[in-house]
Amino acid sequence: MPRGVAVLLGLALAGLVALLVLAGTRSSGDVYSLGVGAFQPVAVLGHGDSACQQQIRLPDGAWFDRVTVPVGTYMKPGRPLELEIHAGGRGGRVLARGRLAGGYPDIGRMPREPITTGRTERSGPVTVCLRNPGGGKIAIFGGAAFASPITTMSIDGKTVPADMSLAFARTHPPSLLASVPDMLDRASVFKAGAITPVTLGLLGVLALAGVPLLLAAGLRAAAASDAGDG
């Protein structure tokens with residue numbers, strides 16, 4: 001085997017081993033996000049005001065124990081913020097509650113605040129509501145409504161053309177390697193019937209192993225050609 005080919009295959013194998021080690025030790029707490037950036041305040045909540053994001057559809061079988069949200073405090077210690085998660089639309093059965101204690105920093109110092117809800121799992125749509133139970137002002141950040149077209153946002157019951165930047169997460173998530181089956185399952189949800197988790201997994205294996213092998217074959221062919229010319 002030409003030396004260049006051996007070096008390339010050795011580097012590819014070392015990289016694959018390093019990738020597997022990282023995937024087995026690293027983890028991601030993210031479960032689901034609306035995909036809405038924290039671009040601007042979309043709701044300013046005074047005493048008793050509430051904002052809700054409705055008809056959020058989590059992946060089937062997904063569970064979470066906290067919701068993260070970007071909160072503006074106007075450069076003051078943050079005011080308490082209450083969270084409720086309802087089954088279906090606003091007014092549906094309460095699935096979980098959470099509370100963000102006062103004193104948290106402004107969004108410039110803490111981009112997202114986690115609100116603990118306890119383990120929550122739901123197969124159908126949910127509505128997340130945030131309420132200011134006290135005085136002062138709380139700014140909830142998000143973006144334009146087209147960022148999450150299947151959900152709607154309302155402030156004190158009135159629909160507004162915006163979306164909150166909400167994300168669902170786990171405090172103690174599984175490793176990235178253990179999450180691969182779920183990732184493949186979710187990636188195949190809206191694809192054609194032939195695109196299944198097994199198909200996506202095989203494509204991933206071919207990409208990881210096939211590319212180095214093709215490069216090695218090219219180097220070997222080039223080395224043989226040079227030897228022939230010599």
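**Core.** I started with the largest nonpolar core, which has 31 residues, and looked for its best-connected members: Leu81, Leu130 and Ile140 touch the most other members. Next I looked up which strands feed this core. Strand 2 (40-45), strand 3, strand 4 (63-69), strand 6, strand 7 (94-100), strand 9 (126-131), strand 10 (138-144) and strand 13 each supply at least two of its residues. I note here that I am reading a predicted model.

**Asp163.** I stayed with strand 13 (residues 162-164), since Asp163 is placed there. Which side chain of opposite charge is nearest to Asp163? I found Arg112, 13 Å away. Asp163 is buried and has no salt bridge; the cut-off for one is 4 Å. I then checked for a polar partner and found the backbone nitrogen of Ser148, which lies 3.3 Å from a polar atom of the Asp163 side chain.

**Phi angles.** My last search was for positive phi values outside glycine. Most residues other than glycine have a negative phi, so I wrote down each hit with its surroundings.

Gln55 came up with a phi near 60 degrees. I located Gln55 in strand 3 (residues 50-56), one of the strands that supply the core. Is Gln55 buried, partly exposed or exposed? Its relative accessibility is 32%, so I put it down as partly exposed.

Met75 was another hit, with a positive phi of about 65 degrees. I found Met75 in the loop between strand 5 (71-72) and strand 6 (81-87). Met75 counts as exposed because its relative accessibility is 72%, and the cut-off for exposed is over 50%.

Notes
Residues are numbered from 1 along each chain as its sequence is written. This is a predicted model: local features need pLDDT of at least 70, side-chain atom pairs count only at pLDDT 80 or more; totals for chains, interfaces and linings use all residues. Side-chain values use heavy atoms; hydrogens and water are left out. Helices (H or I, at least four residues) and strands (E, at least two) are DSSP runs, numbered from the N terminus. Buried means under 20% relative accessible area, exposed over 50%, partly exposed in between (1.4 Å probe, protein chains only). Lys and Arg count as positive and Asp and Glu as negative; His and the chain ends are not counted. A polar contact is a pair of N or O atoms within 3.5 Å; within protein, one must be able to donate a hydrogen and the other to accept it, and residues adjacent in sequence count only if both atoms are side-chain atoms. A nonpolar core is a set of buried Ala, Val, Leu, Ile, Met, Phe, Trp, Tyr and Cys residues joined through side-chain atoms within 4.5 Å.
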